[in-house]
2 protein chains.
Amino acid sequence: MNVQNQVKEARQAAYRMAVARVETRNAVIRGMASLLAERQADILAANATDASRATEAGLGQSVYKRLVLSERKLGVMIDSLESVARLPDPLGAEEVRRELDAGLVLSRVRVPIGVVGVIFESRPDALVQIASLGIKSGNAVILKGGSEALESNRVLHALFVEAVAAVDDSLSGALQLVETREDISAVLELDDDIDLMIPRGSNELVRYIQQHTRIPVLGHADGICHVYIHPDAEPAMATAVVRDSKMQYPAVCNAVETLLVHADAIEMLHAIVEALSGVELRGCARTREVVPMAEATDEDWTTEYNDLVLSIRVVDSPEEAIAHINRYGSRHTDAIVTASSDAAARFMREVDSSSVLWNASTRFADGFRYGLGAEVGISTGKVHARGPVGLEGLTTTQYRVTGNGHIVDDYAEGRKQFTHRTLKEQSGS
Amino acid sequence: MNVQNQVKEARQAAYRMAVARVETRNAVIRGMASLLAERQADILAANATDASRATEAGLGQSVYKRLVLSERKLGVMIDSLESVARLPDPLGAEEVRRELDAGLVLSRVRVPIGVVGVIFESRPDALVQIASLGIKSGNAVILKGGSEALESNRVLHALFVEAVAAVDDSLSGALQLVETREDISAVLELDDDIDLMIPRGSNELVRYIQQHTRIPVLGHADGICHVYIHPDAEPAMATAVVRDSKMQYPAVCNAVETLLVHADAIEMLHAIVEALSGVELRGCARTREVVPMAEATDEDWTTEYNDLVLSIRVVDSPEEAIAHINRYGSRHTDAIVTASSDAAARFMREVDSSSVLWNASTRFADGFRYGLGAEVGISTGKVHARGPVGLEGLTTTQYRVTGNGHIVDDYAEGRKQFTHRTLKEQSGS
């Protein structure tokens, strides 16, 4: 089937998904979990094919580690499906109810987005997470995984379509797998039928998608995160937060890339540097007066290393730290270490990033750790969803008005007046 | 000043707007209202220049009527500023608070988007509405009005900058006026410094903007709205709703363009057609058997007339009506007239539009009528904001985490467990 027809099938399935009961959606997800357990041998065999091709192609160790499945990893995937099935229903909640006039009532309810395209990296568990979040939120999903996981993705997709069809055959178009770059180019043209694209993976991928489609794109192009050390920071805490933010998993977007140290806290650098053993350091002139290291250039402030490299800059004030972050950062995740709640409050208000942390590692900025259950990605854009995106980011709203033959002319001509009486409203709505 | 520098000034002002107290923002809006009253003569003089140029240029009556100001229209503008000042603060509300672990607390708060670009039609009151909503929501706004209102917009913009500076000079870059097409082309390139574009006006304008920028765009390209008459509809109500939806103000996006009539309700067409005197009708074959009229072609189902024209189609079931709307409509606003709550509930769930109405005119789909206070536009996109967009659509969220030296490694290594205890949560979050 060509991509245009796959997307049309997804659109039709999306209409049916949107009205499927939560029991139906959860039954599909539990069915997916059962099939993962039943067909473990098939999945591992397909994955072994991918793995041996990866070895032949000489792929790096880190790609290989993410690609290869094991019984233990399958067990984690099954657990994650069960936990998505247990999450509360993201659909149907009435966020606003307002009497517009006697007998004329407005409500705003949560509904699915429709058809969502997700392009993801070579981790078979990414397909499992994305497909289950898509089903739970009542959407149809176009799935495009990394080519290294081709065989694994085929088997997983086929199982999941089987799980959907076992519950309700009319929903089985809701998960569509596309495989080639040409398919993605065709998908990016279909802005009438796809409501949202979520590219996960390299910055280059995200930028490419943003530049080649009129479909709204949710994602983050860079993760240039900062930790700022205020003079009153507890030195051991500053060291622990910097070390964790840099070293706990340096290859990911929420790892710190630049450390900003107040001039009056500069002596803390000795202990911090000692704790960062194995990390390549690049400092500004004032940093290098205290601890010898390579020189940081302007380019370092805008570089996402994704590696054991850290740039360090001395600043004279919190304002200078905030200005540095807003100028050079990527509006992703930034932390302050301080004993002062005033300094922290100001930092959190003025830093223009999706997550700001006080006395905690930048590595906490993640859907699972934030308690969203799982995430489809992290958004550094400011519209729709910002920061780690879970089920809520896969939903939108619909206004529903119930009247009794009400017409606007009565209000335009002054025969009737609106009452605009709030019956239910969320804060912030 | 060139556009690049104007946008940089807006970005700097946006950081300060984001932390301005609501009292400050409201004082600016009340200052705008006072200056409108004080400088009425200047405004009317500038508007008279625009008006005489419009007459020379032979602009149509409807553009002219929207363009020309009067003391009465200025009074309405002053009232609308006062009402925006009275709206609740859209910023700072804590939507979510969650304990991640002992001493580690996540909150999600409403913050401004940052720098918003709005392109609007030749109505000077649009500048007033957009500028005041932008200030109230803590954003900086790049304003581009219709060229016919050039002199009026210059005077209004200068007054509003004066009002901002009178309250806090450091905020005065928050309102930037750009005037030419070349300026807009330059603005559309600045995707690093502008967070959201809102084009209002013709479908061609909205499509042009969507196609020429990587900045997220909020708007609607079409307003192809429907009314569906179910067999059990009360005939007088059906007639009144159709008449109001078509005739109350046919030039706007929420006016109905296609009437769908169930075959068993076809006799109601006589009274409906009689009530639509002055409307050009185009019907399907079965419609024309009942009432003679011009023939509707497939093109009619996808045309936004914005005029006293209505296409009519007979359908055999509510499913057929819903399928017609989802296929040919523009996901804007659609209504059903029925006595059956089941039929209404199904219609409202299955029609994939930003507003759905039961026994009420499509013309109600509007920010003021929905009680949002005012609107910056109506969105038919499904991300960020959908339907009429008021202050909430000009805000986004920020995650804030407060810890006590918490590091991720403790959780990754199993020394600590997340508690994920909800302290406060909106439904749907």
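The expected span of a helix is 1.5 Å times one less than its number of residues. This is a predicted model, in which local features need pLDDT of at least 70, side-chain atom pairs count only at pLDDT 80 or more, and totals for chains, interfaces and linings use all residues. Residues are numbered from 1 along each chain as its sequence is written, while chains are lettered from A and ligands numbered from 1 in the order in which they are written.

**Exercise 1.** Determine how the reach of helix α1 of chain A compares with its expected span, and identify its buried residues.

*Solution.* Step 1: α1(A) covers residues 3-18, which is 16 residues. (Helices are DSSP runs of H or I, at least four residues, and strands runs of E, at least two, numbered from the N terminus.) Step 2: from first C-alpha to last, α1(A) reaches 22 Å, close to the 22 Å expected. Step 3: its buried residues (20 or more other C-beta atoms within 10 Å of their own, C-beta atoms being placed from the backbone) are V3(A), V7(A), A10(A), R11(A), A13(A), A14(A), M17(A) and A18(A). Step 4: their cover includes β2, β3, β4, β5 and α8 of chain A.

**Exercise 2.** Establish how α2(A) and α5(A) are oriented to each other.

*Solution.* Step 1: α2 (residues 22-38) and α5 (residues 71-86) of chain A pack at about 170 degrees, with axes (lines fitted to C-alpha atoms over the stretch in contact, angles running from 0 to 180 degrees between N-to-C directions) 9 Å apart. Step 2: α2(A) is therefore roughly antiparallel (over 145 degrees) to α5(A).

Technical notes
Angles under 35 degrees count as roughly parallel, over 145 as roughly antiparallel, 65 to 115 as roughly perpendicular and the rest as oblique. A residue is buried if 20 or more other C-beta atoms lie within 10 Å of its own, exposed if 12 or fewer, and partly exposed in between; C-beta atoms are placed from the backbone. Two residues are in contact if their C-beta atoms, placed from the backbone, lie within 7 Å.
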